[in-house]
Every structure is written in structure tokens, then in C-alpha cells.
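Colleague: I'm new to this structure and would love a close look at a single part of it. Could you pick one piece, walk me through it slowly, and then show me what lies around it?

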Amino acid sequence: MIRLNPELSRAVTIHETAKSLACPELGTRYRALSADATTAYGLSPSLIIHDEIGQVRGPRSPLYEALETATGAQDSPLSILISTQAPTDADLLSILIDDAQAGHDPHTVLSLHTAPPELDPFAEETIRLANPAFGTFLNAREVLAMAQDAKRMPAREAEYRNLILNQRVEVLNPFISPAVWKACSGPVGSLEGIPVYGGLDLSAVSDLTALVLIGWRAGKWHVVPTFWLPTEGLADKATADRVPYDLWHVEGHLQLTPGRTVSYEYVAHHLRRLFQRYNIQKLAFDRWNFRHLIPWLLRAGFTEQSIKDHFVEFGQGVQSMSPALRDLEQVLLEGNLVHGGHPVLSMCVSHTVIVQDDAGNRKPSKKKSTARIDGLISLAMAIGVAPLQAKPIDVECLIA
């Protein structure tokens, strides 16, 4: 752009190897930074342009934070964010957009062009809502061809919705849509005095351990999750996973166990207290690490018979998981589940990717999923061991 403009060419010096532009008269420099946050330290920027910040997964970006906290010496710093929307509500750009829409900071100006999800995603009128440049410098013919491709090939619809309609859609086609999950974020009632069922996903050494309890009350499954991580290395794990584990702990959504690994002794005593408080009928578990938990359960006060009566082995393959996912999907779509918007559980659900065999059977894939999914697995196991008779029977329907 500068080379095409004689006036700018006289005022601005191009340093190609340094990826920067300099204006000697004003004493300013415009520089492209890499994603490495260390390149931003020591700067005092007056203008920051964050390009495609929607690619940041999770609520934190070291580069974004380093730049935004470096503007304090400027009288009127300006930050501009240009991007397609991020896939989930928990990602940094989504958090910033939601905060701007709430009007918390009057200095923030939001210009958001997105297509409402309830409209026909392939109609030209819908496409125009998300693309003000449609038909000018945005090739209308190419965009309409993309719409037809997505309509013809459902596997491409999520990518089309995100990139063309600028909707918050997980491109990897997650287990359940964000809108359906959010619709079930009502308040969670007490599990006391009702039959309770659960799922326990034990971590390997230092990963996230998840326990999800559910109980049927007032026509819905009420979900109460518990998550554990080891105390040591929490900050490093938060950085690696790009999620605020430390903040979630402060807010009471995440429990910490001493040391560098999740203490099974700690988990066992917690389970004992829950069994004393609630009427827990069945607790599903993955046998992979359960053998290491059994000795601690016995020390915590469980008997061998009580473990045999209440703890149920639950396979992680398609044979067990496929029907559990089907039942979980049904209660979510019907709105018969409330989870209270628990952030750790919501993170697990939003990042879960499902794989399918040739017969159409499904299971969650930790390898293909984009982050921790232990909470979703525990929730599916809890639904899987909860019998149908736990739900109240509609007598009028049976008589009819």
C-alpha cells in the first residue's frame, strides 16, 4: 500500500527484514509481532491491531495480555480487534464480545456482523447479514457456491457457518451444539432425598479427574459435578490447556489435591462423604485406574460389599458409550437436564468430538477432542447407569 502511494512512500520507510514500517518525522514504528508473547514485552504501543484473535482457543492469550497491559504510558491508546468469531463461548474473543454487548465499558465499540442461527443458513439474505461486503469486493458467486457445497455436504456446514456466517460454531462438529447446552443452564437443585447416579473418570497421574452426580427432580436431571487437579504445576497446566484453572479454583469450581498428582486418597474420602450425604444408587467408573482407588476406598470406610453394590464398571468403547450418548443427547435436546452453567463441565462438553464406527455407534474421542473432555465422559456414564424408572411415570399417558 505504501509503495503504491507516492506521498506515503516519502514519509514511511519500509524495513522488510524486520517486518516493520517507520515514520522518522513522527518517531513511530509499526511492527508485525509473532504469537510469541516475549516479543511484546518492553513495548509501549499507542495502536494495537489484533488480527484473527478468534483463533485463540480458551480465555487467555499471553500475547494479547502482554500488549494490552503495555499501553499504560500512552494518553489515548487504541486497540482494534479484527476477526471471524471464535468457536465457543469460553474463547477469548467470545468473552470480549459478550462483555462489549453487556456495555460494561463505554469506551468499547462493537461492530458485529453475524447471521442469527435460526435463519436459513444458505439463503442469500442470511449471508448478507454477516457480510457487508457481499457483492462488492467479496465475490458473491464464490460465496454462494460455498453455501451450496455446505448444503450438499453436511460435514462442511460447521466450517461454513463459522467462516461465512460468522457464527460461534465449533468447526470440528462437537457432540452437542452450544445453543442446546446453553439452553440447559438453569439453576441446579439439591440432590438430597432423591436417588442419585454418577460417573467417575479417574485421571492418569496429573490430568483432570471428574465426578458427575445426577438426580431426577421436578422433571429434570440435576447435574452436580466435581473436578480435581493437583496443586503443583497448576499454572503451567492452565497455560498449556489455555483455560483458567486457577480462577476456577478461586471461584469454587475446581478442587485441588496436594502434590503433583491427583491424590486418590483425597478422592476416596470425598466419595465417602458424598455417600453419607446422598442416596447414591450407582456410580459408574472406568476400570483403567479404578484398581488404584479401591484400597483408598476401603481405608475411607467403604466395605468390599458396598463397593460391589454401588460401583459399576463402565466400558469406554462404543458398546457402552453409544447408548449413553444417545440418552444424554435426548435429555439435552428435550431440555430435561440442568447444569447451572458450570464452567469446567461446559468446557469439557464444548471440546468433545465424537467418533463413529461403520455401524454408526459413537464414543467420545480424547485424541480428536480439542481439550479436556473428562466431565462429558463422566456425565455420559452417569446417564448410562441411571435406570429409566428413575423418571416419574406419566400415568395419564399410560391410561391413554
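Modeller: Happy to! To judge a helix by its length, take 1.5 Å times one less than its number of residues as the expected span. Helices (H or I, at least four residues) and strands (E, at least two) are DSSP runs, numbered from the N terminus. Before we start, please remember that this is a predicted model, in which local features need pLDDT of at least 70 and side-chain atom pairs pLDDT 80 or more, while totals for chains, interfaces and linings use all residues. Residues are numbered from 1 along each chain as its sequence is written, and side-chain values use heavy atoms, without hydrogens or water.

First, the setting. The protein has 16 helices and 14 strands, and its C-alpha trace spans about 85 × 55 × 40 Å along the principal axes. Of its 400 residues, 41% are buried, meaning under 20% relative accessible area (exposed is over 50%, partly exposed in between, with a 1.4 Å probe and protein chains only). A contact means heavy atoms within 4.5 Å. Among contacts with a separation of 6 or more, 65% join residues 24 or more positions apart.

The piece I have picked is helix H13, residues 318-333. Because each residue should add 1.5 Å, its 16 residues should span 22 Å, and the 21 Å between its end C-alpha atoms agrees with that. Which residues of H13 are buried? They are Met321, Ser322, Ala324, Leu325, Leu328, Val331 and Leu332. A general point helps in reading such a list: an α-helix has 3.6 residues a turn, so residues three or four places apart point the same way.

What do these buried residues pack against? Their partners include two helices, H7 (178-183) and H15 (374-385). Strands S8 (220-230), S12 (337-338), S13 (354-356) and S14 (362-364) also pack against the buried residues of H13. Just after H13, glycine 335 takes a positive phi of about 70 degrees.

Two of these partners deserve a visit. Lysine 182 sits in helix H7 and, because its relative accessibility is 48%, counts as partly exposed. The C-alpha atom of lysine 182 is 9.5 Å from that of valine 338, although 156 residues separate them along the chain. In strand S8 you will find threonine 226, which counts as buried because its relative accessibility is 13%. Leaving out residues up to four places away in sequence, threonine 226 touches Thr209, Ala210, Leu211, Gln255 and His270.

Finally, let's step to some aromatic rings earlier in the chain. Rings of Phe, Tyr and Trp (its six-membered ring) pair if their centres lie within 6.5 Å; planes under 30 degrees apart are stacked, over 60 edge-to-face, and the rest tilted. That rule gives eight aromatic pairs. In one of them, phenylalanine 290 and phenylalanine 311 are tilted, at 5.6 Å centre to centre with 40 degrees between the planes. This pair links distant parts of the chain, 21 residues apart: phenylalanine 290 belongs to helix H11 (residues 287-300) and phenylalanine 311 to strand S11 (residues 311-313). Both phenylalanine 290 and phenylalanine 311 are buried. Phenylalanine 311 also pairs edge-to-face with phenylalanine 302, at 5.7 Å centre to centre and 80 degrees between the planes, and phenylalanine 302 is buried too. Together with Phe275 and Phe285, the residues Phe290, Phe302 and Phe311 form one aromatic cluster.
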